[in-house]
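User: Please give a close account of how the helices pack, both inside the chains and where the chains meet. I should like the criteria stated alongside the results.

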Amino acid sequence: MTGLFHFRPTVPLAWRILTYDKRRTGLALIGIFMAILLVFIELGFFYAVPRGGLLLYDNMRFDLLLASDQYEYQAQPGTFPLDRLDAARRSPDVEVATPIYFGFAKWKSGEDGVWPDVFVIGFDPASQVFVPESINRQTGVLERADTVLVDSATRPMFGPLDTGRVVEIGDRKITIGGQYVLGTGFMGLGVVLASAANFARLFPQRGLSIVNLGAIQLKPGVDPDHAADELRKTLGSGLQVFTRTSLEAHETAYWTTRTSVGIIFGSGLLISFVVGIMIVYQIVSTQVSRQLPQFATLKAIGYPDRSLAATVSAMSLLIVVAGFIPALGAAVGLYSVIRRQTLLPVAMSEMRLFTVLVAAVAMALISALLSVGTLRRAAPADVF
Amino acid sequence: MCAAVVAERTEAPPAALSSPPEPVVRVHGLNHYYGEGEARNQVLFGNSIEIPAGQLVVMTGPSGAGKTTLLTLIGALRSAHEGRIDVLGRELSRLSGGELVDVRRDIGFIFQMHNLFDALSAYENVKMAAQLVNGALPDMQQRCVGILERLGLGHRIEYKPRFLSGGERQRVAIGRALVNQPRLILADEPTAALDKDSTMNVINLLKQTTIDYGAAVMMVTHDHRIIDSADRLVHMVDGRIMSDVVLHDALRICEFLRPIELFKSLTPRQLTDVAEHMKKRHYPAGETIIREGEPGEEFFLVSDGEVEVIRADHEVARLGPGDFFGEVALISGEPRNATVVAEGEVDTYVLGKTDFQTALATSQSFRDQLYRVYFMRH
C-alpha cells in the first residue's frame with residue numbers, strides 16, 4: 001500500500017462533511033468571505049498608502065533625488081541650500097539637477113469661506129521634470145506671473161477650479177491657469193504647481209536659495225547606485241541621496257511603520273488574518289468535534305493519523321477557497337469604489353491576488369494545524 | 001446441561017507434543033493498569049488465552065470485568081503494560097506505531113455505537129473501510145454492495161444514516177467491519193441495538209465468516225441469543241478470565257464421561273466441574289504420553305485416536321476414544337505402573353492432579369468408584 005493511497009478519501013470525505021451541514025458551512029463561508037475581503041481591503045490600503053506617498057515621484061523624471069537628512073515625506077521634506085544642488089550638478093555623472101520647492105499656504109477662496117491649506121510645488125517649467133503631458137503642455141501658462149496650475153484632484157472645498165478664476169493664496173491674488181492630472185497623494189487636499197518665480201512671490205520670506213528636493217537626471221549609461229555613492233562622498237553630511245529603489249523603500253517604510261496610517265492598516269491586516277484563521281478553525285474543529293467518534297473509528301480501523309490530518313486540512317482549504325473566489329470579486333468592486341472616494345491608488349494586481357491567496361492558504365493551513373489538535377482527542381480505544 | 005461449562009484454562013501446550021496451526025490471537029501473562037502513581041489501578045491480572053482461526057468466542061462478565069480492555073489490547077488500540085500479545089502472528093509490543101496501524105487494518109472492529117458518518121451513505125461508509133485494502137475499484141464496489149446485501153440492506157445502500165433505523169445503522173457498521181474479510185473480528189456488544197431477526201442475521205453472518213474463511217471472532221456480549229451460537233465462552237470477573245469453555249469440547253467430554261462407570265454417580269453439576277478443568281492436548285504418532293516409573297501428575301481421557309499401554313516391554317492393552325488412563329498413580333501416589341504411547345495422531349483431554357483430587361473429594365460415591373477401579377486394575 002502506498003502513502004498516497006491512504007489519502008484517497010481525503011478530499012471527498014472533507015467535501016461531503018462540509019456540504020452535508022449546509023447551514024453551518026454557509027455561515028462559515030460568509031465568515032471566511034468577510035475575513036478574506038477584509039484582508040484584500042486592508043492590504044489594498046496598506047500598499048496604497050506608500051503608493052500615495054510615491055505618487056508625485058512616480059510622475060517626475062529623475063534618477064536620483066537629493067533631500068535633506070531631515071526628509072520624512074513630501075509634506076515634511078526638510079530643506080537644504082541651493083548651492084549643494086549646484087555642487088551636485090557639477091558632478092561628471094549628472095546631466096540635469098532641478099530644484100523643487102514645497103510650501104503650504106492658505107487658500108483663502110474656498111467654498112463657504114473656508115481657508116484650506118494648499119500645497120504649492122515650485123519648479124522650473126522648462127526643466128520638464130514632471131511626466132504628465134497635462135503639465136508639460138502648459139509650461140507657457142506656468143511662466144505667467146501669479147499664475148498656477150491646479151491638480152484636478154483638488155477637493156471641492158477649494159471651490160471652482162475653472163481656468164481664469166482668481167483666487168487668494170497667502171496674501172496674493174493668483175490666477176488659475178489650468179488644471180493638470182496627477183493626484184494629490186498625501187501632499188494635501190489641494191495641490192498647485194507654480195514656476196519658481198511665482199513660488200518666490202508666494203513665499204517672499206523664503207526665496208529660492210533654500211530648496212526642498214533636487215531632482216537629478218544622470219548622463220546616459222551611468223549606474224544610479226554608483227552615482228549616488230559618489231554624490232554622497234562629494235556632498236558630505238546633511239543630505240540624503242535616494243535612488244528610485246531606495247526612495248520607494250524609504251516611503252514604504254515610512255508610511256507602513258512610522259505613521260498611524262500604516263500601523264492602522266497593517267494591524268487591520270493582521271487582525272483580518274487572525275480572524276480568518278479563527279473562523280476556519282472554529283468551523284473545522286467544530287465539525288471534527290461533532291464527529292470525533294467517527295474519526296476515532298477511522299483511526300481504529302487503520303487510517304493513519306496523517307490521512308485524517310489531510311482530511312481536516314482539505315476541509316480548511318475547501319472553505320477558504322470557496323470564500324476566496326467571491327471575496328476576490330467583491331474586492332475588485334470595492335477597490336474601484338475606494339479609488340473614487342479616496343483617490344488612493346488601490347488596485348487589484350496579480351501580485352496582490354497571489355499574496356492574498358497565499359495568506360488565505362496560510363489561514364487554512366494554520367487553522368488546520370490547530371484543528372488537528374482537536375483530532376488528536378479522537379482516541380480509537382475509547383470507541384469501544 | 002452438562003456441556004454448559006467445560007473449561008480449558010489455556011496454558012501454551014508443550015511445543016514438543018504438537019504443532020497446531022498458529023493461533024490468530026495469543027495472549028500470555030497479560031497485566032494492564034489504568035492511572036499512574038498512587039492512582040494506578042490494575043484492571044487485568046495475568047490473563048492468558050489463545051484463539052485459533054475459525055472460532056467464535058463470546059466474552060461475558062459483569063461491567064468492569066476488563067472485557068473491553070482486553071479487546072482493545074488485542075485490537076492494538078492500547079499498549080499492554082505487562083505480558084505478551086500476538087495477533088495474526090505479530091507480537092504487538094515489538095511493533096512501531098505505523099505497524100500497529102497495519103495490524104488494525106487486518107482486524108474487523110464492531111463497536112457498540114455505529115459511529116457512521118452522517119454525511120455518507122451506507123455504501124460510502126462501508127467504502128471507507130473497503131478502500132483501506134488496495135484493489136480494483138469494481139472489486140471494491142462489489143464487496144461493499146455484496147456485504148450490505150448479505151446484511152439485508154440491499155435496498156438501503158444509498159441511504160444516509162439518518163434515514164436508517166438503529167438496527168440498520170448497526171448493520172452498516174458491521175458491514176464496514178466485514179467488508180475486507182478480516183481474519184480477526186473484535187466486537188463489543190454488536191447486537192445491543194438489534195431486534196431478534198437482525199441479531200440472528202448478524203450472528204449467522206459472523207458464524208459464516210468463521211466457516212467460509214476461518215475468521216476468529218471475539219465478541220463481548222450479554223445477549224444470550226448469541227451465546228447459543230458461540231464456539232467458546234470466556235467469562236471474566238475482576239480482570240481475570242475465570243472460565244474459558246470450548247463448547248464443542250465440553251459436549252464431547254460430557255458425552256465421553258457420562259457412560260463411564262467411574263463417573264456415573266456424579267451429578268450433572270459434578271460432571272461439569274470435572275469437565276471444566278480438562279484441557280485438550282494433541283500427541284503426534286509414537287509420542288510417549290506417560291512413562292512407567294515416573295510420578296503421576298495427570299489423568300487422561302482419549303478423545304481421538306488410539307494409544308498402546310505397555311508394561312515391562314509388553315503391550316497389555318489398547319485404548320481408544322472414551323477410554324481413560326493415568327488415574328492409578330494419582331490415587332495411590334505411586335509411580336506410573338505402565339507406559340502409554342500414541343499409536344497414531346491422538347487427541348486427549350487432560351485433568352491435572354490437583355483438579356482430579358478436588359473432584360475426588362467432591363463426591364463420596366466418585367471416590368468409592370475410583371477405588372473400585374483401582375483395585376480392579378491391580
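Analyst: The answer begins with conventions, then goes through the helix pairs, the contact between chains, the nonpolar cores and some individual residues.

This is a predicted model, in which local features need pLDDT of at least 70 and side-chain atom pairs count only at pLDDT 80 or more, while totals for chains, interfaces and linings use all residues. Residues are numbered from 1 along each chain as its sequence is written, and chains are lettered from A and ligands numbered from 1 in the order in which they are written. Helices (H or I, at least four residues) and strands (E, at least two) are DSSP runs numbered from the N terminus.

In chain A, helix H2 (residues 22-58) packs on helix H8 (residues 244-258) at an angle of about 135°, and their axes are 9 Å apart. Axes are lines fitted to C-alpha atoms, for helices over the stretch in contact, and angles run from 0 to 180 degrees between N-to-C directions. H2(A) is therefore oblique to H8(A); angles under 35 degrees count as roughly parallel, over 145 as roughly antiparallel, 65 to 115 as roughly perpendicular, and the rest as oblique. The crossing of H2(A) over H8(A) is right-handed, that is, the near helix is turned clockwise from the far one by less than a right angle, anticlockwise being left-handed. On the side of H2(A), the contact is made by A:Phe46, A:Val49, A:Pro50, A:Gly53, A:Leu54 and A:Tyr57. H8(A) contributes A:Leu247, A:Glu248, A:Glu251, A:Thr252, A:Tyr254, A:Trp255 and A:Thr256. Residues are in contact if their C-beta atoms, placed from the backbone, lie within 7 Å. The contact of H2(A) with H8(A) has eight nonpolar, three polar and two charged residues, where Ala, Val, Leu, Ile, Met, Phe, Trp, Tyr, Cys and Pro are nonpolar, Asp, Glu, Lys and Arg are charged, and the others, Gly among them, are polar.

In chain B, the axes of helix H3 (122-130) and helix H5 (residues 166-178) come within 8 Å and cross at roughly 30°. H3(B) is thus roughly parallel to H5(B), and H3(B) passes H5(B) in a right-handed crossing. B:Ala122, B:Asn125, B:Val126, B:Met128 and B:Ala129 of H3(B) meet B:Val172, B:Gly175 and B:Arg176 of H5(B). The classes in this contact are five nonpolar, two polar and one charged.

The contact between the chains takes 24 residues from chain B and 20 residues from chain A. On the chain B side, helix H1 (67-74), helix H2 (97-105) and H3(B) each give two or more residues, and H2(B) gives the most, with four. That side divides into 13 nonpolar, six polar and five charged residues.

Helix H10 (residues 292-301) of chain A is mostly covered, with eight of its 10 residues buried. A residue is buried if 20 or more other C-beta atoms, placed from the backbone, lie within 10 Å of its own, exposed if 12 or fewer, and partly exposed in between. The buried residues of H10(A) include A:Phe295, A:Leu298 and A:Ile301. They pack against helices H9 (260-290), H11 (305-342) and H12 (350-375) of chain A, together with H2, strand E6 (107-110) and H3 of chain B. After H10(A) comes A:Gly302, with a positive phi near 120°.

The largest nonpolar core has 133 residues, of which A:Ile36, A:Val280 and B:Met218 touch the most other members. H2(A) gives the most to this core, with 16 residues. A nonpolar core is a set of buried Ala, Val, Leu, Ile, Met, Phe, Trp, Tyr and Cys residues joined through C-beta atoms within 7 Å. Beyond neighbours within four places in sequence, A:Ile36 is in contact with A:Gly276, A:Gly323, A:Phe324, A:Ala327, A:Val356 and A:Ala360. A second, separate core of 60 residues includes A:Phe123, A:Val141, A:Ile174 and A:Phe199.

A:Ala88 lies in helix H3 (residues 82-89) of chain A. A:Ala88 is buried because 22 other C-beta atoms lie within 10 Å. Not counting residues up to four places away in sequence, A:Ala88 touches A:Leu66, A:Val94, A:Ala97, A:Gly214, A:Ile216, A:Leu231 and A:Leu235. A:Ala88 and A:Glu230 are 142 residues apart in sequence and 9.8 Å apart in space, C-alpha to C-alpha.

Notes
Contact = placed C-beta atoms within 7 Å.
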